[in-house]
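Here are a few notes for you to go through with the model open beside them. Shout if anything looks odd on your screen.

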Amino acid sequence: MSALLEVEDLKVAFTRRGEPDSVAVDGVSFDVQPGEIVGLVGESGCGKSVTSLAIMRLLPERGNRVTGSIRMDGDELTALSDGQLRERRGRDLSMIFQDPLSSLNPVITVGLQITEVLTRHRGMDKKAARAEAVELLDRVGIPDPRRRLDAYPHQLSGGMRQRALIAIALACSPRLLIADEPTTALDVTIQAQILDLLKQLVAETGTALVMITHDLGVVAGLCDRVNVLYGGRIVERAERHELFRAPRHPYTHGLLGSIPRLDGPPGEDLAAIKGSVNDNLPWTSACAFAPRCPNALEVCTSVTPAPVEDGRFLRCHNPVGAS
Amino acid sequence: MTSLLTRRRDKIDDLGGRSLTADALIRLRRNPVAIVGAVIVGLFVLVSIFAPLLAPHGPAEVFPELQRNLRPDSIPGALPGFPLGSDQNGRDFFSRLLLASRQTLFVGVFATLIGLVFGVLIGAIAGAFGGWVDTVLMRVTDVLLSIPSLLLAISIAALAARPSQTTVIIAVALVNVPIFARLLRGAMLAQRESDHVLAATSLGVRRGAIVVRHMLPNAMGPVIVQATLTLATSILDAAALSFLGLGDGDPARAEWGLMLANAQSYLDVRPALAFYPAIAIILVALGFTLLGEALREALDPKGRR
Ligand SMILES: Nc1ncnc2c1ncn2[C@@H]1O[C@H](COP(=O)(O)OP(=O)(O)OP(=O)(O)O)[C@@H](O)[C@H]1O
Ligand SMILES: [Mg+2]
């Protein structure tokens, strides 16, 4: 089976006059198979959003440099003209953002925001688009969808808004959906519902999903494969069960350790990762994670760890369970 | 258990709510400043609409019984049938004062509207395209903005061969254009960075639709507020032009600025001739300003609870 999305050596550097470039994404490669759910996990600032925006080509026109290859169905997205890209966005690939309220246009109705996409990409007339919009809202579990069509975004609850955004993103049955922390802005109880909904819809439509999150709990219930991102590079990639059963990278290990376990002994200390992203070393001459790593060796601060691919992808001098 | 709880919550959050405009209107109604402004503006608009019915006499009508009593050292005050007495030419001062409100409203509204339309056009183009289009348009705008508005209006009005109501409107409208252009351009740029525009872009919405449907309506809030405030300054500017003799010379059309100018020579004789038009100008400008400021507060998302 050939990959739906192949990202190869993606680099994004933000440039500012008079300052050295700041590299946000530093040679990220991963692929997504049709219908697959792939996780992109890492703590704040590791480059998750920048990666997703680069794939959609939504980064600002100026002030950054993107290199590498992003292929969808073998087509190089980075080489498409703006017009060609606009034809594909929303139809072949679409995206859901973190904050459902600010992602909706406050001055037009939810219905118009759905029908806009339907008339744009599926050539529907107004009436057909409205009927389809009702179907879509119904499918994402919005009660009384006919009435909700004429509601403005601020009249919906947070969960409803995210449902509406999911309906919009899936309106044209894209084959790839990128969801950038779609539940972070929601109540914990609503989060689970939205994740269930995404999982169900993606399974029904065969849409592949790139799930971006800092929450391994989300990954555990959803993803087929997981990419763990640290400091703009993928440090570990494995099939979900493999990753949870035996995390190899100390960073992944730390992330897993910081999830409270319901079956653990009460009062057990959570193994949080010490330090912060600010302590990073440059990847060019070290392992960026070394200063925070419990397994760090001398070599970790002086040599860039080479990526190893055997069953899983790993970038570490001294993986967990090696010695 | 959880699912039951969450489902309920989803529903509760979902009920109620009103449109943003309705929300703003409700907050406006609770604001005493807005009410004072609205009452002044409302009265002014009513008077100017019904002035021909309210005014007992025509604006250019000269009355012999008034003219007979005109002397260099005295202008007759209130007489039966002439509540505010005569003006310096033996016309009914009260009627002229009422009818002048029409000129003020007409000039103010058109100077503002024309300024708004062209300003919005320029600001939208600059904000939507960016790049050199933006740079060129904003340089010109900046130059115009750097000239004091009244001075600019006077210069433009003075270019006209024969001053008239139209030249006043054009002069004041031109002064207003850069104000609206810069304001909208800033709001458009902010919209360009906004999440919902990013989301619309991620859906492949066409560029024209993004500008017209997603950016422009969201950027118009401050422009509406400014329009209310600009009505006040337009009225003042227009009155100033008339005062300086750059306005409508037609005696059949009373105008507060011109009445003020003509009253100057009679300040010792009968100060009321200057006092009433001056108060009228100030009150109307104040009304629009109060309303505009209250509108700004009402539309400010930070004030929303
Ligand atoms: N427009 C920008 N200009 C300059 N630097 C940027 C810009 N956008 C992002 N960055 C930088 O790129 C890095 C990665 O940011 P990114 O938003 O991808 O993080 P993230 O993994 O999505 O984090 P979060 O979980 O907080 O969303 C950060 O260090 C950030 O400061
Ligand atoms: Mg992010």
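The points below take the ligand site, then the chain contact, then two single residues.

1. First, a reminder that this is a predicted model, so read every distance and area here as computed from predicted coordinates.

2. Start with the shell around ligand 1. A run of neighbours goes from A:Glu43 through A:Ser44, A:Gly45, A:Cys46, A:Gly47, A:Lys48 and A:Ser49 to A:Val50, and A:Phe14, A:Ala24 and A:Glu181 complete the list. Helix 1 of chain A (residues 48–56) gives the largest share of this shell, with three residues. By type, the shell splits into four nonpolar, four polar and three charged residues.

3. Which backbone atoms should you check against the ligand 1 oxygens? Polar backbone atoms of A:Lys48 and A:Val50 each have an oxygen atom of ligand 1 at 2.9 Å. For A:Cys46, the distance from a polar backbone atom to a ligand oxygen is 3.3 Å. As for cover, ligand 1 taken alone exposes 640 Å², and the protein buries 59% of that.

4. On to the two chains. Chain A brings 39 residues to the contact and chain B brings 28. Between them about 2900 Å² is buried, with carbon and sulfur atoms giving 55% of it. If you want somewhere to look on the chain A side, try A:Arg86, A:Glu116 and A:Gln155: they supply 18% of the area that chain A buries against chain B, more than any other three residues.

5. Is B:Thr141 buried or exposed? B:Thr141 counts as buried because its relative accessibility is 4%, and the cut-off for buried is under 20%. The residue is found in helix 6 of chain B (residues 131–146). A polar atom of the B:Thr141 side chain lies 2.6 Å from the backbone oxygen of B:Leu137. Leaving out residues up to four places away in sequence, B:Thr141 touches B:Pro178, B:Ala181 and B:Arg182.

6. Last, A:Val303, which lies in the loop between helix 11 (250–257) and strand 11 (308–310) of chain A. A:Val303 has a relative accessible area of 37%, so A:Val303 is partly exposed: that class runs between the 20% and 50% cut-offs. Beyond its neighbours within four places in sequence, A:Val303 is in contact with A:Ser285, A:Ala286, A:Cys287 and A:His317. A:Ala238 is 65 residues from A:Val303 in sequence, and their C-alpha atoms are 24 Å apart in space.

How values were computed. Residues are numbered from 1 along each chain as its sequence is written. Chains are lettered from A and ligands numbered from 1 in the order in which they are written. This is a predicted model: local features need pLDDT of at least 70, side-chain atom pairs count only at pLDDT 80 or more; totals for chains, interfaces and linings use all residues. Side-chain values use heavy atoms; hydrogens and water are left out. Helices (H or I, at least four residues) and strands (E, at least two) are DSSP runs, numbered from the N terminus. Buried means under 20% relative accessible area, exposed over 50%, partly exposed in between (1.4 Å probe, protein chains only). Contact means heavy atoms within 4.5 Å. A residue is near a molecule or strand if one of its heavy atoms lies within 4 Å of it. A polar contact is a pair of N or O atoms within 3.5 Å; within protein, one must be able to donate a hydrogen and the other to accept it, and residues adjacent in sequence count only if both atoms are side-chain atoms. Accessible areas come from the Shrake-Rupley method with a 1.4 Å probe; for residues, only the protein chains shown count as cover. Ala, Val, Leu, Ile, Met, Phe, Trp, Tyr, Cys and Pro count as nonpolar, Asp, Glu, Lys and Arg as charged, and the others, Gly among them, as polar. Buried area is the accessible area (1.4 Å probe) that two parts lose on being put together, summed over both.
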